[in-house]
Structure formats: structure tokens, C-alpha cells
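Trainee: Got a minute to walk me through this one? I'd like to get a feel for it before I start poking around.

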Amino acid sequence: PGGTIWGPNAANGVINIITKNSNETKGVLADALAGTEDHTIDDLQYGAATKQFTYRFFGRGFERRHEYHSDGINDDSWHQERFGFRADRTAGGETYFMDGNIYKGTSPHIIGTTPSNDVTSGGDINARWEHNLGTDKGFYLQAYFERTLRTHAATVGETRDTIDIDFIQHLRVGSRNLFSYGGGLHWSPYLTIPSGPL
């Protein structure tokens, strides 16, 4: 049955990540972690509400130590900084949701005995409109866009855009049947970036 909504491969499983509504995260949250492997993971979050909607902003940064290398080449420690937001609004049978993230960091690795100091950056935005017409009736429309940039110092870098649009409607057919239909677009254009003369 999952294939009706999520596509033919949904028989193998569906990963559905649900983050908390911004109405549940009002106030300030700060935490910090320090250790020998993850040197530091720091979070700061602020949530509030207006008359029309609730929202939150957050920032996160981490630094991870290098892996073990018997040859002593320890140039693969990495870090990343991330900033994002989420906003929610419910008005009668209408539910609106939007969130977005931007990030930048390094993820170096070692190719043979040569360190490659890769840089990662990107961002995404996701928006959804749910229209509830009562029990088992309604529709939702969701749009997602992501831009990813990977710059490899020793090999080939890549920029990739991911565009995803989904629409699903549920309605009753008679007194005993629930009918669903919808459509989706998934598009992921990319561009490779050579890092050297080859």
C-alpha cells in the first residue's frame, strides 16, 4: 500500500523524518558537548510566536578529530557550521510549514598518502501546505529545493541541485472506500568541477 503514495520501492521501507513543530520549541535552548573524538558539538536555538505563526532559529557547529592512521598522517579532522529555521501556521483546516538550512565546513580525507582538503557547503528549503477537509479528506502540496557544493582539492568537485514536488489528495468514494491519487517530480541536475588539468 505504501507504493501508492511513496512509489514502487516503498515496499522496501520508507524513512519519514519528522521534526518538532515550532510551537513545541519556544524559548531558548543551548547545549555543548566536548570529548576526545567529537572535540565539540554546540547548539543554540531560539523559538517564539506571533499572532499568525510560530517559529524557531537554530545554529550548530561541530569539530571532529582525525581518524587513526598508522603512518601518522592525521589531516582528516573535519568541522561544519549550520544555521536554519522553521515556521508553522495552522488556521482552521489549513496547515502551513516551512524550514530551511545553510551550512559550510570541511571534510578532508587522505588519498593514498596525499591529504585532500575538501570543502562542503549548501542549503535547502522545504515548504508544505496541507488542506484538511474533514475525516479522510484533503490534500497536501510540498516543494523542496537543495543546492550542494563539494569542492575536492585533489579530484573532481560537484555542484548539485535537487528539486522535489509532491501532491497527494485523499477523498472518500462511497461509505467504505478511501481513494488517494497524486503525482511527484524529482529532478537532480549536477555539474562536475575539475580540480586539475585532467
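Mentor: Sure. One term before we start: buried means under 20% relative accessible area, exposed means over 50%, and partly exposed is in between. Also keep in mind that this is a predicted model.

Trainee: Okay, so where does that put R160, buried, exposed or partly exposed?

Mentor: R160 is partly exposed, because its relative accessibility is 27%.

Trainee: And which residue does R160 pair with in a salt bridge?

Mentor: That would be E158, with 2.9 Å from N to O. E158 comes out as partly exposed too, at 26% relative accessibility.

Trainee: How many salt bridges are there in the whole structure?

Mentor: A search turns up 7. Among them is R128 with E130, where the closest N and O atoms are 3.2 Å apart. R128 sits at 26% relative accessibility, so it counts as partly exposed, and E130 is partly exposed as well, at 33%.

Trainee: What about R86, which residue does it bridge to?

Mentor: R86 goes with D88, and their closest N and O atoms are 2.9 Å apart.

Trainee: Are R86 and D88 buried or exposed?

Mentor: Both of them are buried.

Trainee: Does anything else go on at R86? What does the side chain of T19 do there?

Mentor: The T19 side chain makes a polar contact with the R86 side chain, at 2.5 Å. Setting aside neighbours within four places in sequence, T19 is in contact with R56 and R86.

Trainee: Where is T19, anyway?

Mentor: T19 lies in the loop between helix 1 (2–6) and strand 1 (27–34). It is partly exposed, because its relative accessibility is 40%.

Trainee: Switching topic: which residues make up the nonpolar patch on the surface?

Mentor: V28, L44, Y46, F57, F83 and I102. Together they have about 630 Å² of accessible area.

Trainee: Take V28 then. Where is it found, and is it buried or exposed?

Mentor: V28 is in strand 1. With a relative accessible area of 66%, it is over the 50% mark and therefore exposed.

Trainee: Last one, T106. Where does that sit?

Mentor: T106 is in strand 5, which covers residues 94–106. T106 has 18% relative accessibility, so it counts as buried.

Trainee: And what does T106 touch?

Mentor: Not counting residues up to four places away in sequence, T106 touches W78, H79, N117, D118, V119 and T120.

Conventions
Residues numbered from 1 in each chain as written. Predicted model: local features only at pLDDT ≥ 70, side-chain atom pairs only at ≥ 80, totals over all residues. Heavy atoms only, no water. Helix = DSSP H or I, 4+ residues; strand = E, 2+ residues; numbered from the N terminus. Buried < 20%, exposed > 50% of the residue type's maximum accessible area, 1.4 Å probe, protein only. Contact = heavy atoms within 4.5 Å. Polar contact = N/O pair within 3.5 Å; in protein donor to acceptor, adjacent residues only side chain to side chain. Patch = residues over 30% accessible without salt bridge, like charges linked within 9 Å, V, L, I, M, F, W, Y side chains within 5 Å. Areas by Shrake-Rupley, 256 points an atom, 1.4 Å probe, with all protein chains shown as cover. Salt bridge = Lys/Arg side-chain N within 4 Å of Asp/Glu carboxyl O.
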